[in-house]
Amino acid sequence: AGPLTRGNSTNQMLSNSGRRILPDPVETKYEVSDSTVDKNEVPGHSTAGDDGPNEQHQNILRALSLHSALIAGLNINYNISFEAISSPENKIKSRNNLLDCLRSNVDVLVDFVRGNSENQLIVFKQLPRLKKLLGKLSLPDWPKDFPEDLKGQVRQEPKLDADGVIIECLRNNEYLCAEKIPRSLFEIFGQLLEQEADPSTSPLLQFFEIGCVPLELAQYRNQQSTIEVLLSDRLPRVKACVQSIVGIGELCVAP
């Protein structure tokens, strides 16, 4: 590592109406010479980029079977409080708490698989569970005595990021893209895209892009599925969006 230089810190004793105030904690600053630090030599540092997960940490968590707990957490029934005997307010609060747990679970899964082919394979096997979490949140079966004015507090958005887990499982994974994406998944993502306010700017488009050309290797089966879905009459908003951008003729003759 390079030389460390201790910077100056300030620690002032203030007074308030004659009373002494405890000093602020001492803040020690260090300056590191960029020219003498090689990030590749730092143990555990991810070379995939400062914003990406640490692969060594991902592998350790896989060895500790973190994925087993995360996958089990996907089965959380966030509407279960509406089956219990409690006040309407507590039912809503409990649902929100369970959704917070489920969102955290899904967020960790995204980082667990990102850029890690072994973790991607493990989690993608749970595709049936992930598909159940796609789209808007499901509403509970309303108890007979549930107040109508409180139903508006039981929201269907923001949705869970289950689509993000699927997309990150496929990103840069040629094997999964070539062998494991079912045709039905293209249909599901097409339906989700149809519900977007502006399909042309939706992150869901990454699914089609990654599935068609992982690691710049064309997957013709996936390309055909993408064309069929994006131009389907069942998805009029998506089809109109595609036509406005590239036109049907240009898309159909594209390699």
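How much area does the chain expose, and what share of it do carbon and sulfur atoms supply? The chain exposes about 15,900 Å², and carbon and sulfur atoms supply 51% of that area; accessible areas come from the Shrake-Rupley method with a 1.4 Å probe, with only the protein chains shown counting as cover for residues.

This is a predicted model, in which local features need pLDDT of at least 70, side-chain atom pairs count only at pLDDT 80 or more, and totals for chains, interfaces and linings use all residues. Residues are numbered from 1 along each chain as its sequence is written, and side-chain values use heavy atoms, leaving out hydrogens and water.

The chain has 12 helices and 4 strands. These are DSSP runs numbered from the N terminus (helices: H or I, at least four residues; strands: E, at least two). Of the 255 residues, 35% are buried (under 20% relative accessible area; exposed is over 50%, partly exposed in between, with a 1.4 Å probe and protein chains only).

Rings of Phe, Tyr and Trp (its six-membered ring) pair if their centres lie within 6.5 Å; planes under 30 degrees apart count as stacked, over 60 as edge-to-face and the rest as tilted. The count comes to 7 aromatic pairs, including these two:

| Pair | Centre to centre | Between planes | Class |
|---|---|---|---|
| Phe82 and Phe146 | 5.5 Å | 45° | tilted |
| Trp142 and Phe146 | 5.2 Å | 35° | tilted |

Phe82 lies in the loop between helix H2 (66–73) and helix H3 (88–113), and Phe146 in the loop between helix H5 (127–132) and helix H6 (162–170), so their pair ties together parts 64 residues apart in sequence. Phe82 is buried at 6% relative accessible area, as is Phe146 at 5%, while Trp142 is partly exposed at 29%.
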